[in-house]
Amino acid sequence: MEASGKDGLNDSVMSCAVLACALLYRFVGISMEAWVSLVIAVFIIKSGIDITREALSKIIGARTDPSVAKNVKDEIMKMPGVTGACDLFFNDYGPDKKVASVHIEVPDTWTADQIDETSRRIEHAVWKKEHVILSAVGIYAKNTKDPESRKIEEKIRSILGHYLHILQMHGFYADYPQIRFDLIIDFNVKNRQEEYSEILEECRKAYPDHDVQITLDADVSD
């Protein structure tokens, strides 16, 4: 509808330009058709590019409005027991037709029944607040049984604190002999993969008796 409206506006502008050229030639004798035609052609091309760019941007995955992402995460974090919300990914199919998926962090002692109930409550709350359909709610487990896990997480975070391009760490879980978490590194970093490898090596040196697994994640929403 927006593209159709712009097309109608373009037709009006072009008609006015043609009329102006006709009147100018009729009363003054100056022929401007060629120059006006050139301007009109450029105008049409630019308008077409702008309309196509806007449509393609949404199709290939334009970044969603930061306020919408924040509101969705805020609703999720209101749920009892949920300690994190991340990997929020949107698909925009037009007004009031946003479909999203998200990962939530919950205690590793929760049963499938508790996870299912919380996931459904989150879906209803997000739809009511932002009219966003949550098609999937993934789970990250939080180790609540081993106090040592918290110490390891704090140590890992202190290591990551030396790197300025890290946007987020989430999905952390430590249970001997494994340490695993997701890491988001700014896409503006020239050697993103190199920085990831350096971080992985430093974490493995800090915990040589553990199997450290780091997933390099994408920054898909604010």
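The following exchange examines a sheet and the nonpolar cores of this predicted model.

Me: What makes strand 5 and strand 6 a pair?
Reply: Two strands count as paired if DSSP finds at least two bridges between them. Seven bridges join strand 5 (residues 178-185) to strand 6, so the definition is met. The two strands run parallel, and Leu 183 stands opposite Leu 216 in strand 6.

Me: Why are strand 4 and strand 6 called edge strands?
Reply: The three strands form an open sheet in the order 4-5-6, with mixed pairing. Strand 4 (166-175) and strand 6 (211-217) each pair on one side only. From one strand to the next, the twist averages 15 degrees.

Me: How do you know that helix 5 and helix 6 pack on the sheet?
Reply: Contact requires heavy atoms within 4.5 Å. Helix 5 (residues 147-160) touches strand 4 and strand 5, and its direction makes about 155 degrees with that of strand 4. Helix 6 (residues 192-206) touches strand 4, strand 5 and strand 6; its direction makes about 160 degrees with that of strand 6.

Me: What makes Ile 199 a member of the largest nonpolar core?
Reply: Membership requires a buried residue of a listed type, Ile being one of them, joined through side-chain atoms within 4.5 Å. Buried means under 20% relative accessible area. Ile 199 is among the 21 residues of this core and, with Ile 156, Phe 181, Leu 183 and Ile 214, touches the most other members. Helix 5, strand 4, strand 5, helix 6 and strand 6 each give two or more residues to this core. Another core, of 20 residues, lies apart from it and includes Ala 69 and Val 106.

Note on methods. Residues numbered from 1 in each chain as written. Predicted model: local features only at pLDDT ≥ 70, side-chain atom pairs only at ≥ 80, totals over all residues. Heavy atoms only, no water. Helix = DSSP H or I, 4+ residues; strand = E, 2+ residues; numbered from the N terminus. Axes fitted to C-alpha atoms, helices over the stretch in contact; angles between N-to-C directions. Buried < 20%, exposed > 50% of the residue type's maximum accessible area, 1.4 Å probe, protein only.
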